[in-house]
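User: I'm new to this one, and I'd rather get to know a single part well than skim everything. Please pick one strand, give me a close look at it, and then show me what lies around it.

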Amino acid sequence: MSTRRMLGVPLLVTALLAGACGGGGENDGGAAGTTSPPAAGSTTATPSASASSGGRVTIPTSAFADLPPELRKTDAQPMEVTDALPGLCDQEFRSGGRSVTASAAMMSAYKQPKDPPENVPYGTLHQTVFAFEGTGAADYLRRVSGAVADCRSFQASGGTVTVRSEPMAGTGDEALLVTVSRPATGLDGSPAGGRTTSQILVIRVADAVTVVHDQGWEGTSNDPGLADDVARSAVRGLDSWQR
């Protein structure tokens, strides 16, 4: 099976929330981020004004996780925030509220250090970055932690999906690791026997939060041993952007 290289983008500029949901309703950022990947040769997009602050907020590609070369299978490319955010029992990871000033998402693929170049990727990372104002970032992580704790299992195609969450000590200002286990299926959705796992990292650094959904390639399990590497890379990106 051949693997197509993804096109890297030097700068990713988000469309800010122009109509944040009222009454505390959930909002995943709508069309935040680019609506489609920029054409080859495109380097920037025009930022929009923030409805909440009146300024312009830019989330650069440098704010995203940059895996070390031995793990990087493809360069990252933009994707829709709504497609990047995972869903469990409900829309636990949507941003919600008026304190979000920007959001953007990117996807990339990773490999094992000793994989030959012709191998397909080992897994994929769908990463979302939210920028908040005020106490929005801490409020978001607290709300997500509670929602995920309440979602211990749910029914999906193929059977029961189980969810386990735990804090990640020493990661960013605060962080949560969510491990999801589901019945294994083939590419056509038929039962394959056994179970597969994926992981979701939710990390806050100052006024930003990133959600990284780590999934194995084409329905296989991710590599839990890479969680710390991914977390460190995500923290470096947020930290360098904000500080």
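Analyst: What follows is a close look at strand E2, with a little of the rest for context.

First, some ground rules. This is a predicted model, so to speak for a local feature I need pLDDT of at least 70, and side-chain atom pairs count only at pLDDT 80 or more, while totals for chains, interfaces and linings use all residues. Residues are numbered from 1 along each chain as its sequence is written, and side-chain values use heavy atoms, with hydrogens and water left out.

Now the setting. The protein has three helices and eight strands, where helices (H or I, at least four residues) and strands (E, at least two) are DSSP runs numbered from the N terminus. Along the sequence they come in the order β-α-β-β-α-β-β-β-β-β-α. Of the 243 residues, 46% count as buried, meaning under 20% relative accessible area with a 1.4 Å probe and protein chains only (exposed is over 50%, partly exposed in between).

On to E2 itself, which covers residues 100-110. This strand is mostly covered: 11 of its 11 residues are buried. E2 also has partners, and two strands pair if DSSP finds at least two bridges between them. With strand E1 (residues 77-79), the pairing is antiparallel over three bridges, and Gln77 stands opposite Met107 of E2. With strand E3 (residues 123-132), E2 again pairs in the antiparallel sense, over 10 bridges. There, Val100 has Phe132 in E3 as its bridge partner. As a rule, in a regular strand the side chains alternate between the two faces of the sheet.

E2 borders an enclosed space, too. On a 1 Å grid over the protein atoms alone, a cavity is a set of points where a 1.4 Å probe fits but cannot get out, and lining residues have an atom within 4 Å of a point. Grid points are joined across faces, edges and corners, and a volume is the space filled by probe spheres set on the points. The count comes to one cavity of 30 Å³ or more, and the largest cavity holds about 50 Å³ of space. Its lining is made up of Phe64, Ala65, Ala76, Met106, Met107, Ser108, Leu125 and Gln127. E2 and E3 are the elements that give two or more residues to that lining, and E2 gives the most, with three. By class, the lining of this cavity has six nonpolar, two polar and no charged residues. Here Ala, Val, Leu, Ile, Met, Phe, Trp, Tyr, Cys and Pro count as nonpolar, Asp, Glu, Lys and Arg as charged, and the others, Gly among them, as polar.

Finally, take the loop that leads into E2. Glu92 lies there, between helix H1 (81-84) and E2. Is Glu92 buried or exposed? Glu92 is buried, because its relative accessible area is 4%. Contact means heavy atoms within 4.5 Å, and leaving aside neighbours within four places in sequence, Glu92 is in contact with Gly87, Arg143, Val144, Ala147, Val148 and Cys151. Glu92 and Gly146 are 54 residues apart in sequence and 9.1 Å apart in space, C-alpha to C-alpha. For the protein as a whole, residues 24 or more positions apart account for 72% of the contacts with a separation of 6 or more.

Methods:
On a 1 Å grid over the protein atoms alone, a cavity is a set of points where a 1.4 Å probe fits but cannot get out, and a pocket is an open set with protein on both sides within 12 Å along at least five of seven lines; lining residues have an atom within 4 Å of a point.
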